[in-house]
Amino acid sequence: MNLEGLTTEARNEATKKIDQVSTLEMVTLINQEDQKVAQAIEKVLPQIAAAIDAAAERFKKGGRLIYCGAGTSGRLGALDAIELTPTYSVSPERAFGILAGGEKAMYQAIEGAEDSKELAIEDLTQHKLTARDVVIAIAASGRTPYAVSAIEYGKKVGALTISVTCNNQSPMNQLAEIGIAPIVGPEVITGSTRMKAGSAQKMVLNMFSTGIMVKVGNIYQNLMVNVQPTNEKLMQRATNIIKEAAEIEESQAKEYLEAAQLEVAPAIVMAKAHVDFQKAKQLLAEHDGRISEVLA
């Protein structure tokens, strides 16, 4: 792989003496560079919005969100998928990450796995990729063979393909149906793309998945209404969400949560529309789970 000319591999003039300054100066330099991440993402908001709209339509129809990548990029994708289960009750079968090198690669480097285009095809074939699905390929360089192959195979199958990179004129950005490429500039430490590039990828992925959750009704106002109350902390959070959304006392919120079989969204509809659990479920089903539409 030729790394020359890649923004993510260029040397950062501002940090060439980072090994010769005080610790405070060192972290100040890093902080100054980190501030460029949000600015870079601002420039690609139209592409992120397009990705959310297109992916949400597939997700509503039963499609899956499949994050593919290697190393830091792959781990960030897996993390974004994993968090959707406790936060929004998304089944792990509906959103998951595939890493070059398998699950073991989540915890240690698997040398050579990212260079295999065949491995990506094998992994996606094993997961029975279909035209309903969404492939989100992630790589800072935009040219990791595993991630490139994931896009190529996704297009062949008819899946929606999205790339998240940090080099604009990259193969992945040009191949994918929707390319998202925040250009964060050279890293503080040359080529250490777990820094600014990693931060940019995480912010983009958070925005992408959260946007989809808004579109499919898992958020009411700015409250997560499909949280799974699987422990004491989450039970309290679920109660607080109902209390805030319905503007009722905590004791009432607990009663509604229990009556709704620990499902937050129906509990809110029950409290605000004064209907029973079954009616609340029916109304939500008729309005794609969007509480705001039910109450309108």
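**Reading the labels on a predicted model**

Just after helix 7, G217 takes a positive phi of about 90°. The structure discussed here is a predicted model.

Visitor: How do you know that the length of helix 7 agrees with its number of residues?
Guide: Helix 7 covers residues 196-215, which makes 20 residues, and at 1.5 Å a residue these should span 28 Å. The expected span is 1.5 Å times one less than the number of residues, and because the end C-alpha atoms of helix 7 are 29 Å apart, the two values agree.

Visitor: Which residues of helix 7 are buried?
Guide: Among them are K196, A197, G198, A200 and Q201, and further along the helix V204, L205, F208 and S209 are buried too, as are G211, I212 and M213.

Visitor: Why is N167 called buried?
Guide: The word buried is kept for a relative accessible area under 20%, and N167 has 4%, so N167 is buried. This residue is found in the loop between strand 4 (160-164) and helix 6 (171-175).

Visitor: What is N167 in contact with, leaving aside its neighbours within four places in sequence?
Guide: Its contacts are L6, T7, T8, A140, S141, N173, A181 and I183. For T7 there is also a distance to give, since a polar atom of the N167 side chain lies 2.8 Å from the backbone nitrogen of T7.

Visitor: Why does G154 count as buried?
Guide: G154, which lies in helix 5 (residues 145-157), has a relative accessibility of 0% and therefore counts as buried, the limit being under 20%. Setting aside neighbours within four places in sequence, G154 is in contact with L129, V135, A159 and T161. Its C-alpha atom is separated by 8.9 Å from that of I121, although the two residues are 33 apart along the chain.

Visitor: What makes A285 exposed?
Guide: Exposed means over 50% relative accessible area, and A285, at 60%, therefore counts as exposed. A285 has its place in helix 11 (residues 277-286); from T239 it is 46 residues away in sequence and 22 Å away in space, taken from C-alpha to C-alpha.

Visitor: Why is M26 called partly exposed?
Guide: Partly exposed is the class between buried, under 20%, and exposed, over 50%, and M26 has a relative accessible area of 30%, so M26 is partly exposed. M26 lies in helix 1 (residues 23-42), and together with V21, L24 and V27 it makes a nonpolar surface patch of about 320 Å².

Terms used. Residues numbered from 1 in each chain as written. Predicted model: local features only at pLDDT ≥ 70, side-chain atom pairs only at ≥ 80, totals over all residues. Heavy atoms only, no water. Patch = residues over 30% accessible without salt bridge, like charges linked within 9 Å, V, L, I, M, F, W, Y side chains within 5 Å. Areas by Shrake-Rupley, 256 points an atom, 1.4 Å probe, with all protein chains shown as cover. Salt bridge = Lys/Arg side-chain N within 4 Å of Asp/Glu carboxyl O. Helix = DSSP H or I, 4+ residues; strand = E, 2+ residues; numbered from the N terminus. Buried < 20%, exposed > 50% of the residue type's maximum accessible area, 1.4 Å probe, protein only. Polar contact = N/O pair within 3.5 Å; in protein donor to acceptor, adjacent residues only side chain to side chain. Contact = heavy atoms within 4.5 Å.
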